[in-house]
Amino acid sequence: MAEGLPVDYRYLYELIHDRFVRGEERGKSVDAKLAALLTGVVAAIGFSFRINLSVISAAITLFYFVPLALIALAYTTKLREVAPTVNSIDRSFPVYPVSTVIEAIAAMRAAIAVNAAKYEQKSVYLDYAVIATLAVTLVALLAQLLIALKFVPLAP
């Protein structure tokens, strides 16, 4: 910004607020993906005990607790900063004094910076949980195949 020129703080506030809302939407999207993955992992654990229960399949099922732990870590990632909303400012300061808008913009910038790192951390846990789930599922399928081949003769 050039020195001495007027600043439209309401417009600046709306821009920063929109950026903050996009970050929140990203977090909600990651949470939805985590919920879907959690459902799949819990289902895999439940169904693995219903098919050819053996020591090997039971032991492999224990590996599903790795993605389960990663999902739990992602869900326990808490946001540290809460930004003021347009409604809260409107209720408290209906005439939008410039000092209030400037403080709100500063609070939102801080929240964006801190929360962006948290959203990234949740996304990394999600990525690791997906990879771990795929790996455990592949191992479980291979183990089931080997168990089936052992008990089913190849030639009549």
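In which helix does Ala72 lie? In the predicted model described here, Ala72 belongs to helix H3. The residue is partly exposed, because its relative accessible area of 39% falls between the 20% limit for buried and the 50% limit for exposed residues. Ala72 is separated from Ala129 by 57 residues in sequence, while the C-alpha atoms of the two are 9.7 Å apart in space.

The overall architecture is helical. The protein contains five helices and zero strands, and its pattern along the sequence reads α-α-α-α-α. Of its 156 residues, 29% count as buried. Among contacts between residues at least 6 apart in sequence, 86% join residues at least 24 apart.

The nonpolar interior was examined next. The largest nonpolar core has 17 residues, and the members that touch the most others are Leu34, Leu37, Val41, Tyr64 and Ile71. Two or more residues of this core are supplied by each of helix H1 (9–48), helix H3 (65–75) and helix H5 (98–151). Helix H5 provides the largest share, with seven residues. A second core, separate from this one, has ten residues, including Ile16, Phe20, Val101 and Met108. In soluble globular proteins, nonpolar side chains tend to be buried together.

Tyr64, one of the core residues that touch the most other members, was considered individually. Residues up to four places away in sequence aside, Tyr64 touches Val41, Ala44, Ile45, Thr133, Val136, Thr137 and Ala140. Two of these partners, Ala44 and Thr133, are 89 residues apart along the chain, and their C-alpha atoms are separated by 9.5 Å. Ala44 is placed in helix H1. With a relative accessible area of 22%, Ala44 is partly exposed, because the limit for a buried residue is under 20%.

The packing of H1 against H3 was then described. The axes of the two helices come within 10 Å and cross at roughly 155 degrees. Because this angle is over 145 degrees, H1 is roughly antiparallel to H3. The crossing in which H1 passes H3 is left-handed. On the H1 side, the contact is formed by Asp31, Leu34, Ala35, Leu37, Leu38, Val41, Val42 and Ile45. On the H3 side, Pro67, Leu68, Ile71, Ala74 and Tyr75 take part. Sorted by class, the residues of this contact comprise twelve nonpolar, no polar and one charged. Leu34, Leu37, Val41 and Ile71, listed in this contact, are also among the residues of the largest core that touch the most other members.

Thr61 is located in helix H2 (residues 55–62). Its relative accessibility is 3%, so Thr61 counts as buried. Apart from neighbours within four places in sequence, Thr61 is in contact with Ile45, Ser48 and Phe49. Ile45 is also a partner of Tyr64 and belongs to the H1 side of the contact with H3.

Arg26 is another residue of helix H1. Arg26 is partly exposed, with a relative accessible area of 34%. Beyond its neighbours within four places in sequence, Arg26 is in contact with Ala116, Tyr119, Glu120 and Ser123. Of these partners, Tyr119 lies 93 residues from Arg26 in sequence, and the C-alpha atoms of the pair are 7.4 Å apart.

Methods
Residues are numbered from 1 along each chain as its sequence is written. This is a predicted model: local features need pLDDT of at least 70, side-chain atom pairs count only at pLDDT 80 or more; totals for chains, interfaces and linings use all residues. Side-chain values use heavy atoms; hydrogens and water are left out. A nonpolar core is a set of buried Ala, Val, Leu, Ile, Met, Phe, Trp, Tyr and Cys residues joined through side-chain atoms within 4.5 Å. Buried means under 20% relative accessible area, exposed over 50%, partly exposed in between (1.4 Å probe, protein chains only). Helices (H or I, at least four residues) and strands (E, at least two) are DSSP runs, numbered from the N terminus. Contact means heavy atoms within 4.5 Å. Axes are lines fitted to C-alpha atoms, for helices over the stretch in contact, and angles run from 0 to 180 degrees between N-to-C directions. Angles under 35 degrees count as roughly parallel, over 145 as roughly antiparallel, 65 to 115 as roughly perpendicular and the rest as oblique. A crossing is left-handed if the near helix is turned anticlockwise from the far one by less than a right angle, and right-handed if clockwise. Ala, Val, Leu, Ile, Met, Phe, Trp, Tyr, Cys and Pro count as nonpolar, Asp, Glu, Lys and Arg as charged, and the others, Gly among them, as polar.
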